[in-house]
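Let's take a walk through this one, starting at the ligand and working outward. Have the viewer open as you read.

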Amino acid sequence: MALLEGKIAVVTGAARGIGQSIALKLAEEGADLALSDVQADWLSETKEKVEALGRRAEVYGVDVSKGDQVQAGVDQIQKDFGRIDIVVNNAGITRDGLLMRMSEEDWDLVMNINLKGTFLMTKAASRYMMKQRSGVFVNVASVIGLMGNPGQANYGASKAGVSNLTKTTAKELAARGIRANAVAPGFIKTKMTDALTDETRDAMLSVIPMKDFGLPEDVSNVVCFLASDMSRYVTGQTLSICGGMVTA
Ligand code: NAI
């Protein structure tokens, strides 16, 4: 039997990049998908690909930083699928700049999407999971949240927050049969990292012991493991996927 047969999974930021890869991996392992992104029509490619794997996919336009949209989206998903087994909080953005020049707007935007968005989704979905006495959260953090990085004060702090929020979620909900873990990707080839200059890219490569960048599938394989019963006794952890860059 496939690892996630019969499970209902929600993935935020599923239109492209790591989020799309996660949705496809979970579908490959038998899950049906509630795909969400800022606009529902951005999700048509992911929906087609999930359906080509023989699984159900519905799309939801939800800005994760807006409490009313998150609540309405999660309620609708519960109504459409009848349960929520897995939530992958993947939606995230960067607005890089040195601390001295970082605007308050860029600080707030990154915090609101990356950290508050994860909180809002966790709060809304855990209400349903608590009733069914089972569920799994997998939150997408970052190695930058573990080690800091020049130019990423907002991003690093938001992702450190995601790792810590994951610990509290795990401790509060363990007795209700709910697990929460995070992944901390390093440098993964997506549209987000395509925007980097060659100089930054070379500098990153020089500090990766495996001397290679990761692929979205390197992240989605680990997310799938954490979403499945294979990791039944693992909760509150942040697992780095970074070619050995961070080892703590
Ligand atoms: P991406 O930019 O390709 O995809 C991000 C997705 O999130 C997009 O589909 C976007 O529309 C969606 N999104 C943005 N704001 C949103 C909002 N307010 N509400 C709902 N959805 C929203 O980025 P990528 O690289 O696929 O990143 C996915 C996650 O992985 C992010 O949380 C990112 O911080 C994290 N990550 C990525 C790394 C990399 O090297 N690419 C490294 C470490 C972490």
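Around the ligand there are 28 residues, and those that come nearest are Arg 16, Asp 37, Asn 90, Tyr 155 and Thr 190. Keep in mind that this is a predicted model. If you sort the shell by residue type, you get 16 nonpolar, eight polar and four charged residues.

Now zoom in on the ligand's oxygen atoms. Asp 37 turns up again here: an N or O atom in its side chain is 2.6 Å from a ligand oxygen. Ile 18 makes its contact through the backbone instead, with a polar atom there 2.8 Å from an oxygen of the ligand. Gly 186 also uses a polar backbone atom, this one 3.3 Å from a ligand oxygen. How much of the ligand does the protein bury? On its own the ligand would expose 830 Å², and 94% of that is buried by the protein.

Step back a little and look at the space itself. The ligand takes up the largest pocket. Three elements each give two or more residues to the shell around the ligand: helix H1 (17-28), helix H6 (153-173) and helix H7 (191-194).

Next, the charged pairs. Searching the whole structure turns up 11 salt bridges. One of them joins Glu 5 and Arg 55, whose closest N and O atoms are 3.8 Å apart. That pair ties together distant parts of the chain, with the two positions 50 residues apart in numbering. Glu 5 sits in the segment before strand E1 (8-12), while Arg 55 is in the loop between helix H2 (44-52) and strand E3 (57-61).

Technical notes:
Residues numbered from 1 in each chain as written. Predicted model: local features only at pLDDT ≥ 70, side-chain atom pairs only at ≥ 80, totals over all residues. Heavy atoms only, no water. Near = heavy atom within 4 Å. Polar contact = N/O pair within 3.5 Å; in protein donor to acceptor, adjacent residues only side chain to side chain. Areas by Shrake-Rupley, 256 points an atom, 1.4 Å probe, with all protein chains shown as cover. 1 Å grid on protein atoms, 1.4 Å probe; cavity = no way out; pocket = protein on both sides within 12 Å on 5 of 7 lines; lining within 4 Å. Sits in = over half its atoms within 2 Å of the grid points. Helix = DSSP H or I, 4+ residues; strand = E, 2+ residues; numbered from the N terminus. Nonpolar A, V, L, I, M, F, W, Y, C, P; charged D, E, K, R; others polar. Salt bridge = Lys/Arg side-chain N within 4 Å of Asp/Glu carboxyl O.
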